[in-house]
Amino acid sequence: MKRIFNRTPQWLAALLLGGSMAISCAGNANKAEVPSSFDGAALLAAAGHPDQLIAVGDIAEWAGIPAERIARHVEDYDKDPALKKMAFHWEALGTISFTTLSGEAVSVPRHHSVGLANIEAMDMETFNQRHGTSVGIKAAIDALVNDESVDADVAIAQANYLAETAKSLSLQPLEGVGDAAVWEMPTQVLHVYADGVAFTVTTNFGDDPEVNKKKAIAFAQLVFDNQ
Amino acid sequence: MKVLSTMLAVGLLTMAAAHGKDNVLQATCISGEGCTFRLLDVTGEEMDVVLGTDNVYSSIGNDDLLVHAKVGGDWKTYIERELTRSELDRLYGGDGYTMIYLFDPQVQPRDGKWEGGTGTPVASPCVVDVGTYVSRIQGIQQAGAIRFPKPFRPEFLLDNANMRWVTVAPNRFRGVMDFGGGMASPMKLVYNATIVNDELIEGAFEITVTVPAHDPCHVTVPVSFACMAADGEEAGDPLGETEEDDLLPVRSKGDPADDLLPVKSKGQNDDLLPVKSKGNPDELLPVKSKNN
């Protein structure tokens with residue numbers, strides 16, 4: 001597939017650059033300390049309504065993006081609150097270009113996003129085992145196998161995918177982020193533990209993992225400070 | 001138990017490597033929201049048959065993805081041959097975490113009071129009398145309360161063992177009844193349906209009869225279903241709607257003539273329609289009174 005990443009207007013680039021600088025100057029980009037005001041139980045209670053956890057205005061200020069350009073998306077396809085996902089996204093540099101089956105050349109703008117998922121009560125030992133090792137993926141495969149409600153073909157495809165993912169899995173413990181944290185590659189997500197609650201920060205600020213990691217840590221700090 | 005689980009997992013992965021990759025993996029992508037994934041219950045070859053295309057979907061490889069990307073209010077379809085699920089999700093602004101869903105969560109008609117009706121049939125000159133079937137399709141003038149299966153499945157629109165449904169786009173479906181004859185079948189019933197929005201479904205039945213030494217007969221009957229009054233937000237178990245019995249909640253009117261494609265014994269003249277009703281006299285309109 002042919003894909004072209006085009007340049008977008010200079011004002012947008014300047015805006016994004018300014019926002020990035022503001023974020024990087026806001027504090028230590030590699031730390032996310034848990035303030036005494038943080039209440040893990042409150043975060044857990046809000047897990048069923050992740051869209052209410054953080055206001056668009058807070059994201060706008062955090063990201064340096066006008067609030068009217070930020071959209072919120074909630075993936076609420078499962079009854080389990082821990083499987084709900086919430087993300088904020090906004091138009092970013094570049095486009096996604098492809099050729100349709102009918103031969104039409106199409107381009108759509110790319111987006112950046114930041115989100116929160118997998119809010120779940122657990123102790124630190126469980127957190128370290130689930131997110132600090134490959135046990136989590138093995139458990140997910142076991143769960144698929146044991147879940148009779150899952151279509152067999154889907155279970156096979158998903159288990160195969162998870163097994164492939166496990167081959168390239170890299171888990172990096174991070175000091176100074178929550179009570180414990182793990183940066184997961186190649187998915188580029190940050191698993192955080194604090195005050196009896198685990199959550200996952202998802203970031204998509206382009207292809208650079210280091211940029212995404214710093215943004216994820218900064219967003220974890222925002223979650224702590226918003227409680 | 002743990003040993004058993006591991007054995008099963010290994011077995012599943014072995015099966016996946018052996019023959020579990022034939023069905024098409026579909027991605028529905030919206031820039032900013034990432035992609036959701038669904039394993040279709042058809043192969044690329046079957047999609048080509050249903051959609052009448054020549055080696056378009058058959059070319060989808062085991063590691064390829066059939067992508068429906070939202071562009072404005074429309075869906076554009078292409079085949080992604082390079083990126084993994086996670087990479088594609090991230091390209092569209094998602095988080096890279098992906099799951100395969102049993103359904104496409106992007107499209108869901110609203111529960112409520114719906115009315116269904118047909119438009120004027122358009123027919124080519126035909127040496128075969130297809131009027132019986134057209135009149136039965138035209139008999140759709142019903143209204144009633146509908147609770148759609150959640151997630152929505154096209155089988156809800158016309159559930160028949162001989163009907164093969166393909167998701168053309170997240171909101172467009174094409175069902176073909178060719179009685180096993182494939183492209184060469186002497187008679188085909190095609191049902192194209194589009195969920196225009198959550199309160200309007202439009203579509204058309206296309207009947208094609210191929211007669212040796214004559215031009216084929218084409219009859220098209222437009223159909224539409226409109227939500228006249230949506231239900232209020234209802235609590236409950238939405239997943240419970242996916243029970244097989246709920247796929248076609250048709251209220252029987254007790255009139256055998258309502259069968260769209262009635263079964264005739266091979267001893268009679270019409271062997272072209274080997275359709276067996278599944279117990280619903282009227283398989284066309286998924287209307288069910290809540291009072292029943």
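## Contact range and content of chain B

Among the contacts in chain B between residues at least 6 apart in sequence, 63% join residues at least 24 apart. This figure, like every other in this report, comes from a predicted model. Chain B contains 4 helices and 13 strands. Of its 292 residues, 39% count as buried.

## Confidence

The model scores ipTM 0.76 and pTM 0.64. For chain B the mean pLDDT is 69, and 64% of the residues reach 70 or more. Residues 1-21 of chain B have a pLDDT below 50, and in the model this stretch has 27 contacts beyond near neighbours in sequence.

A further stretch of chain B, residues 233-292, stays under 50 in pLDDT. The model nevertheless gives that stretch 89 contacts beyond four places in sequence. Where pLDDT is low, the predicted coordinates should not be read in detail.

## Hairpin and helix α2 of chain B

Strand β1 (residues 23-30) and strand β2 (residues 34-43) of chain B pair in the antiparallel sense, with 7 bridges between them. Within this pairing, B:L25 stands opposite B:L39 of β2(B). The two strands form a hairpin with 3 residues between them, and B:G32 in the turn has a positive phi of about 105 degrees.

Helix α2 of chain B spans residues 44-51, and its buried residues are B:G44, B:E46, B:M47, B:D48 and B:V50. These buried residues pack against both hairpin strands, β1 and β2, and also against β9 (164-169) and β10 (172-177) of chain B. Just after α2(B), B:G52 adopts a positive phi of about 70 degrees.

## The sheet of chain A

In chain A, 7 strands form an open sheet with antiparallel pairing, in the order β1-β2-β3-β7-β6-β5-β4. Its edge strands are β1 (71-75) and β4 (170-173) of chain A, each of which pairs on one side only. From one strand to the next, the twist averages 30 degrees.

At the β4 edge, 4 bridges join β4(A) to strand β5 (residues 180-185) of chain A, and the two run antiparallel. Here A:Q172 stands opposite A:W183 in β5(A). Helix α7 (residues 209-226) of chain A packs on the sheet and touches β3 (105-121), β5, β6 and β7 of chain A. The direction of α7(A) makes about 135 degrees with that of β7(A). Helix α4 (residues 124-132) of chain A lies across β4, β5, β6 (189-194) and β7 (197-204) of chain A, and runs at about 10 degrees to β5(A).

## The helix pair α5 and α6 of chain A

Two packed helices are described by the angle between their axes and the distance between the axes. The axes of α5(A) and α6(A) come within 10 Å and cross at roughly 170 degrees. Angles over 145 degrees count as roughly antiparallel, and α5(A) and α6(A) are therefore roughly antiparallel to each other.

From α5(A), the residues A:I137, A:A140, A:I141, A:L144 and A:V145 take part in the contact. They meet A:A155, A:Q158, A:A159, A:L162, A:A163, A:T165 and A:A166 in α6(A). By class, this contact has 10 nonpolar residues, 2 polar residues and no charged residues.

## A:G136

A:G136 is located in helix α5 of chain A. It counts as buried because it has 20 C-beta neighbours inside 10 Å, and 20 or more is the cut-off for that class. Leaving aside neighbours within four places in sequence, A:G136 is in contact with A:R130 and A:H131. A:G136 and A:A166 are 30 residues apart in sequence, with a C-alpha to C-alpha separation of 9.7 Å.

## The contact between chains A and B

Chain A supplies 40 residues to the contact and chain B supplies 38 residues. On the side of chain A that touches chain B, the elements giving two or more residues are β1, β2 (85-99), β3, α5 (135-146), α6 (152-167) and β7 of chain A. Among these, α6(A) gives the most, with 10 residues.

The residues on this side of chain A divide into 21 nonpolar, 15 polar and 4 charged.

Terms used. Residues are numbered from 1 along each chain as its sequence is written. Chains are lettered from A and ligands numbered from 1 in the order in which they are written. This is a predicted model: local features need pLDDT of at least 70, side-chain atom pairs count only at pLDDT 80 or more; totals for chains, interfaces and linings use all residues. Two strands pair if DSSP finds at least two bridges between them. Axes are lines fitted to C-alpha atoms, for helices over the stretch in contact, and angles run from 0 to 180 degrees between N-to-C directions. Two residues are in contact if their C-beta atoms, placed from the backbone, lie within 7 Å. Ala, Val, Leu, Ile, Met, Phe, Trp, Tyr, Cys and Pro count as nonpolar, Asp, Glu, Lys and Arg as charged, and the others, Gly among them, as polar. pLDDT is the predictor's confidence in each residue, from 0 to 100. A residue is buried if 20 or more other C-beta atoms lie within 10 Å of its own, exposed if 12 or fewer, and partly exposed in between; C-beta atoms are placed from the backbone. Angles under 35 degrees count as roughly parallel, over 145 as roughly antiparallel, 65 to 115 as roughly perpendicular and the rest as oblique.
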